[in-house]
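User: I'd like to go through a structure and ask what stands behind the labels people put on it. Could you set the values against the cut-offs for me?

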Amino acid sequence: MAAITRTDVEHLARLARIALTDSELDALAGQLDVILDAVGRVQEVAADDIPPTTHAVPVTNVLRPDEPVPCLTAEEALAAAPAAEDQRFRVPRILDLQ
Amino acid sequence: MNDLLRCSASALAARIAAREVSAVEVTQAHLDRIEEVDGAVHAFLHVDADNALATAARVDAGELTGPLAGVPLALKDIVVTKGVPTTAGSRILEGWIQPYDATIVTRMRDAGIVILGKTNMDEFAMGSSTEHSAFGPTHNPWDLTRTPGGSGGGTSAAIASYQAPLGIGTDTGGSIRQPGAVTGTVGVKPTYGGVSRYGLVAFSSSLDQAGPCARTVLDAALLHSIIAGHDPMDSTSIDGPVPPVVEAARTTDISGMRIGVVKEFAGEGYQAGVTARFDEAVALLETLGAKVVEVSCPHFGYALPAYYLIAPSEASSNLARYDAMRYGLRVGDDGEASAEEVMAVTRAAGFGTEVKRRVILGTYALSAGYYDAYYGQAQRVRTLISRDFAAAFESVDVLVSPTTPTTAFELGSRVDDPMAMYLADLCTIPSNLYGGPALSVPCGLAEDGLPVGLQVMAPVQADERMYRVAAAVEAALGTDQLLEQAPEIP
């Protein structure tokens, strides 16, 4: 059922925010087709009446009392930042300024 | 070789506690061994001699105590450590120093365990050979031209080459057990939620589990008991008693235990020497008084395809955090480029081939129009696999299989063929999807002279059962001494 084209991979790479090169796009299109063919076997067995499992061991939401506890200082949080300014993360422009 | 290096962790701890040898001496002996052999093995990405010796000195001063106090350990570089780099094998995190310790790191340090350094791994734990590390492959101490398995090949290779008697790995689809099997060491994936994930670099959150690596079953159990237990910082951590793994590892009596051999994990694709050692181990279990039966788990054959949809899907979401904004690599920020463009070129530069492949695959499996056919179906298969386990555990106490279909493969032989690489995890993946514990214990050498692992799988929260079986096999076969047969590292 799979048949993943180079154009599909280009679109997926855009969604995943990875600037793939032309040769990476070519290689991935072929490989993903083979992989999807193999993993597509999951469609052979699991009928709609089988409930999906999202988590192996049952989990419920966990809450704690709303009490202040020590956390990282701004300096610690910013120590590994690629760029920081005025105790904030400095990021490239996020708006299109024409 | 210095005799301290050959000592088991529990024996070392006893000698240190009795003041026959100091923790500093033991630590220095291992640091010297790293210096001597790690150029050839490349198990470590960072060696942290100063902190290691400082922790050892605190053990010698009586400030830190515990059943493994003073024993050195190799830590997979996916576990965060305050003040020491954590890369997870990726360029995108190169040089990243994080401001806090993982819960398991805190627990180990408080118990006097000496962390020697951080070990090599496939990037973000995606791989079965450690060749997908951005920092070069690790070599298998049994044959330096072969891989030590993956993703935790660095930890297992360190243990197998006497650079450390203990290690920590993480297992999402077999990354502790498969390297354990192909290096002749013990590797344990505890029950999901049995060990805190706080401070682990996330790959596939519903599958990831940290666990112990060692040369003996008892050493693994002792480390397991130190790192396990509820952690309020991990909301998936089990709030319940830790299974009695140490007692189980000291019990070599398995008479009356019911052991199921997984019918589906045999035959075509299984190396003759692996099958031979496995069959002998099964016969041995019967000799030791266990009741062995064949069990069919009809959906186990679908575990690999389900895994390679679920894990990449979760990874594509988890790895979205590497966005070049708050930490890690940033490329292309020239004042003109937008944040989105910087993200895309940073991720292109910082991620390796396998990570890109899986993020794209996961993005596809989760995208509109394909979600039900791929991710949804994979989650239904996950249910069927759990039902196979539940049905099996109605009639047997544990399941056994070979850990891997083959012994260690040659460096370079599968790295360009993703499907061939994925097959290395064929037998280990079901336990991750189900959430139950599983371990690999050495059961001899194959016809090629390389180690074979026996996998023991147990029900959720019955971790002690697999330790009992593994301890019996180890005692009967003497496989705690198997590494004596490995060649000297040139």
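Analyst: Sure, and bear in mind that this is a predicted model. One place to start is Asp86(A), which sits in the loop between β1 (84-85) and β2 (88-89) of chain A.

User: Is Asp86(A) buried or exposed, and what makes it so?

Analyst: The label "exposed" goes to residues with 12 or fewer other C-beta atoms within 10 Å. Asp86(A) has 5, so it is exposed. Its backbone also deserves a look: phi is positive, about 50 degrees, although Asp86(A) is not a glycine.

User: And Arg17(A), what makes that one count as buried or exposed?

Analyst: Buried takes 20 or more other C-beta atoms within 10 Å. Arg17(A) has 22 C-beta neighbours inside that radius, so it counts as buried. You'll find Arg17(A) in the loop between α1 (6-15) and α2 (22-39) of chain A. Arg17(A) is not a glycine either, yet has a positive phi of about 55 degrees.

User: How do you know whether chain A is spread out or compact?

Analyst: Compare its radius of gyration with the globule rule. Chain A comes out at 23 Å, well over the 13 Å that the rule gives for 98 residues, so chain A is more spread out than a compact globule. The C-alpha trace spans about 55 × 45 × 25 Å along its principal axes, and 20% of the 98 residues count as buried. Along the sequence, the elements of chain A follow the pattern α-α-α-α-β-β.

User: What does the rule say about chain B?

Analyst: First the contents: chain B has 17 helices and 11 strands. Its radius of gyration is 21 Å, close to the 23 Å that the rule gives for 490 residues, so chain B is as compact as a globular protein of that length. Its C-alpha atoms fill a box of roughly 70 × 55 × 45 Å, and 64% of its residues count as buried. Of the contacts in chain B with a separation of 6 or more, 76% are between residues 24 or more positions apart.

User: Which residues touch the most other members of the largest nonpolar core?

Analyst: That core has 176 residues, and Leu68(B), Leu73(B) and Val456(B) touch the most other members. Leaving aside neighbours within four places in sequence, the contacts of Leu68(B) include Ala9(B), Ile113(B), Leu166(B) and Ile226(B).

User: Why is Leu116(B) called buried?

Analyst: The threshold is 20 or more, and Leu116(B) has 29 C-beta neighbours inside 10 Å, so it counts as buried. Leu116(B) lies in strand β3 (residues 114-119) of chain B. Beyond four places in sequence, its contacts include His30(B), Val47(B), Leu73(B) and Ala164(B).

User: Which residues of helix α5 of chain B are buried, and what do they pack against?

Analyst: In α5(B), residues 103-110, they are Thr103(B), Ile104(B), Val105(B) and Met108(B). The buried residues of α5(B) pack against β2 (72-76), β3, β4 (166-170), β6 (210-214) and α8 (217-227) of chain B. After α5(B) comes Gly112(B), with a positive phi near 80 degrees.

User: How do you know that β7 and β8 of chain B pair?

Analyst: Pairing needs at least two bridges. Between β7(B) (residues 258-262) and β8(B) (residues 291-295) there are five, and the sense is parallel. One of the partnerships is Ile259(B) with Val292(B). With helix α10 (residues 272-287), these two strands make a right-handed β-α-β unit. β7(B) also runs parallel to β9(B) (residues 398-402), joined by three bridges, and there Gly260(B) stands opposite Leu399(B).

User: What makes up the contact between the chains?

Analyst: Chain B gives 59 residues and chain A gives 44. The elements of chain B that supply two or more residues are α11 (303-318), α12 (339-350), α13 (353-365), α14 (372-395), α15 (418-422) and α16 (429-434). The largest share, 11 residues, comes from α14(B). By type, the chain B side divides into 35 nonpolar, 15 polar and nine charged residues.

User: Last one: where is the cis peptide bond?

Analyst: Between Gly150(B) and Ser151(B), with omega about 10 degrees. Ser151(B) has its place in the loop between β3 and α6 (153-160) of chain B.

Note on methods: Residues numbered from 1 in each chain as written. Chains lettered and ligands numbered in written order. Predicted model: local features only at pLDDT ≥ 70, side-chain atom pairs only at ≥ 80, totals over all residues. Core = buried A, V, L, I, M, F, W, Y, C linked by C-beta atoms within 7 Å. Contact = placed C-beta atoms within 7 Å. Helix = DSSP H or I, 4+ residues; strand = E, 2+ residues; numbered from the N terminus. Rg over C-alpha atoms; globule rule 2.2 N^0.38 Å. Right-handed = clockwise from strand over helix to strand, strands pointing away. Nonpolar A, V, L, I, M, F, W, Y, C, P; charged D, E, K, R; others polar.
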